[in-house]
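Subject: Handover of a structure, with notes on what was found

Dear colleague,

I am passing on to you the structure below, together with some notes that I hope will help you find your way around it. Please have the sequence and the 3D view open as you read.

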Amino acid sequence: MKIMKRVAAVCLIAVMCISLAGCTQKEKLKLFIPGEYMSDNFITDFEKEYQVKVIVEYFDSNEMMYAKFSAGDSYDVLVPSDYMIERLIKENQLQKLDKSKITNFSNLAGEVLNQAYDQDNTYSIPYFWGTVGIVYNHNVVSKNDLEAEGFDILKDTRFKGRIYMYDSERDSFMLAFKQLGYSCNSDNEDEINAAYEWLRELNTTMDPDIVTDEVIDGMINGDNDLAVVYSGDAVTILSENEDMSYFTPDCGTNRWYDAMVIPANAENPELAHKFIDYMLRDEVCTDNTLAVGYASPNARVLEEMTGEGGEYEDNEAYIPRVYDKDEIFHDNEKLRRKLSELWIKVKAAN
């Protein structure tokens with residue numbers, strides 16, 4: 001009988017401890033986001049305001065994110081790119097947003113809304129946006145030549161051995177497609193082969209440095225005269241080196257959007273909505289764009305950053321242009337695999 005009472009007492013204490021632990025355990029939000037793509041402040045501030053815990057994981061590419069997510073990992077908020085969002089929508093892997101819970105939706109600029117990958121923003125809320133262009137040393141490279149040659153400036157032998165190319169099949173083939181007058185989403189075999197030959201010739205005659213994030217420090221240091229760069233990285237380069245400028249040719253380029261989405265299997269969609277709404281606040285968008293350099297989706301912040309006295313007032317890379325020949329990438333897994341295969345051949349051709 002004594003043993004039974006002691007067991008009962010121990011069980012009661014255990015239940016009380018579990019109950020107390022349950023009362024003190026913080027609600028959690030799991031965020032999956034590209035690395036080095038956010039301010040150091042907003043996660044801590046969000047946790048304090050809502051008395052929650054944010055668990056952050058980072059990915060290097062949309063494809064890596066997709067592989068991990070598809071393997072069964074659960075997240076409350078993802079931040080993929082436009083074409084990947086399009087894929088996730090097709091596969092019914094995202095849930096529709098409850099706009100009534102996103103009270104700061106009206107803060108968004110018109111240029112970031114209702115894009116082809118998610119018309120009416122049913123599933124996604126823009127996080128950052130930008131273009132792919134050329135950063136160039138304007139003391140060495142003439143803007144007149146850039147305007148005349150477009151992306152063919154990357155094949156101008158005057159700059160041999162002084163060029164950075166980004167190690168990305170999607171972005172590299174985009175340059176060739178646009179320069180040749182094709183869509184960057186072309187899956188026409190003849191056009192793909194023509195783009196391949198354009199890139200192969202560039203690599204064999206120009207001896208470019210094919211890099212990733214090294215392009216930022218390289219151009220800040222003035223190591224090369226031309227570089228293919230994402231606009232947000234260009235913002236950083238132009239801010240640090242006054243000899244550099246940013247150019248996007250008339251043939252068009254890629255205009256991209258990264259956006260916040262809630263997976264269909266999210267464990268805490270209610271908190272996910274709060275997080276997305278929080279990320280659209282003026283002060284949070286300001287902090288984020290100052291930290292990262294990419295264009296904010298917030299209309300007031302865009303105006304403030306580029307207006308008189310704004311941090312990016314004279315930085316031509318900050319606000320992406322909206323131009324009819326610029327295109328968003330679309331989901332086409334067959335094309336992606338083909339370009340990946342050909343990009344390996346391009347890099348091997350030397």
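Before anything else, a word on terms: a residue is called buried when its relative accessible area is under 20%, exposed when it is over 50%, and partly exposed in between. Asp207, with a relative accessible area of 44%, is therefore partly exposed. Please also keep in mind throughout that this is a predicted model.

**The chain as a whole**

The chain has 350 residues, of which 52% count as buried, and its secondary structure comes to 13 helices and nine strands. Measured out along its principal axes, the C-alpha trace spans about 95 × 45 × 35 Å.**Strand β7 and its neighbours**

A good place to start is strand β7, which covers residues 226–230 and is mostly covered itself, with four of its five residues buried. On one hand, β7 pairs with strand β4 (residues 124–137) in the antiparallel sense, over five bridges, and within this pairing Tyr136 stands opposite Leu226. On the other hand, β7 runs parallel to strand β5 (residues 163–166), to which two bridges join it, and here the bridge partner of Ile163 is again Leu226. Leu226 of β7 thus has a partner in Tyr136 and another in Ile163.

**Two buried residues in helices**

Val235 has its place in helix α9, which comprises residues 231–240. Is Val235 buried or exposed? Its relative accessibility is 1%, and because the limit for a buried residue is 20%, Val235 counts as buried. Between the C-alpha atoms of Val235 and Leu97, which are 138 residues apart along the chain, the separation is 32 Å.

Glu86 is found in helix α4, made up of residues 82–90. Although Glu86 carries a charge that counts as negative, this residue has a relative accessibility of 15% and so counts as buried. The C-alpha atoms of Glu86 and Phe329 are separated by 9.7 Å, while the two residues are 243 residues apart along the chain.

**Salt bridges**

Side chains of opposite charge can pair when their charged atoms come close. How many salt bridges does the count come to? The count comes to 22 salt bridges, and three of them may serve as examples, given here with the exposure of their partners.

- Asp73 forms a salt bridge with Lys68, in which the closest N and O atoms are 2.5 Å apart; Asp73 is partly exposed at 27% relative accessibility, and Lys68 is partly exposed as well, with a relative accessible area of 28%.
- Glu149 forms a salt bridge with Arg158, with 3.5 Å between the closest N and O atoms; Glu149 is partly exposed, with a relative accessible area of 21%, whereas Arg158, at 52%, is exposed.
- Glu333 forms a salt bridge with Arg336, the closest N and O atoms lying 3.1 Å apart; both residues belong to helix α13 (residues 333–348), where they are three residues apart, about one turn of the helix.

Glu333 counts as partly exposed, at 23% relative accessibility. The pair of Glu333 and Arg336 also belongs to a wider arrangement, in which salt bridges that share partners join Arg87, Glu91, Glu169, Glu333, Arg336 and Arg337 into one network.

**A negative patch, and two loop residues with positive phi**

On the surface, a negative patch is formed by Glu36, Asp60, Asp207, Asp209, Asp213, Glu214, Asp217 and Asp223. One of these residues, Glu36, lies in the loop between β1 (27–34) and α2 (42–50), and with 76% relative accessibility Glu36 counts as exposed.

Which loop holds Asp207, another member of the patch? Asp207 has its place in the loop between α7 (189–206) and β6 (209–211), and its phi is near 50 degrees, a positive value in a residue other than glycine. Gln51 is a further residue other than glycine with a positive phi, in this case near 55 degrees, and Gln51 is placed in the loop between α2 and β2 (52–59).

With these notes beside the structure, you should be able to look up each residue in turn.

With kind regards

Conventions. Residues are numbered from 1 along each chain as its sequence is written. This is a predicted model: local features need pLDDT of at least 70, side-chain atom pairs count only at pLDDT 80 or more; totals for chains, interfaces and linings use all residues. Side-chain values use heavy atoms; hydrogens and water are left out. Buried means under 20% relative accessible area, exposed over 50%, partly exposed in between (1.4 Å probe, protein chains only). Two strands pair if DSSP finds at least two bridges between them. Patches are made of residues with over 30% relative accessible area and no salt bridge: like charges are joined within 9 Å, nonpolar side chains (Val, Leu, Ile, Met, Phe, Trp, Tyr) within 5 Å. Accessible areas come from the Shrake-Rupley method with a 1.4 Å probe; for residues, only the protein chains shown count as cover. A salt bridge is a side-chain nitrogen of Lys or Arg within 4 Å of a carboxyl oxygen of Asp or Glu. The place of a charge is taken as NZ of Lys, CZ of Arg, CG of Asp or CD of Glu.
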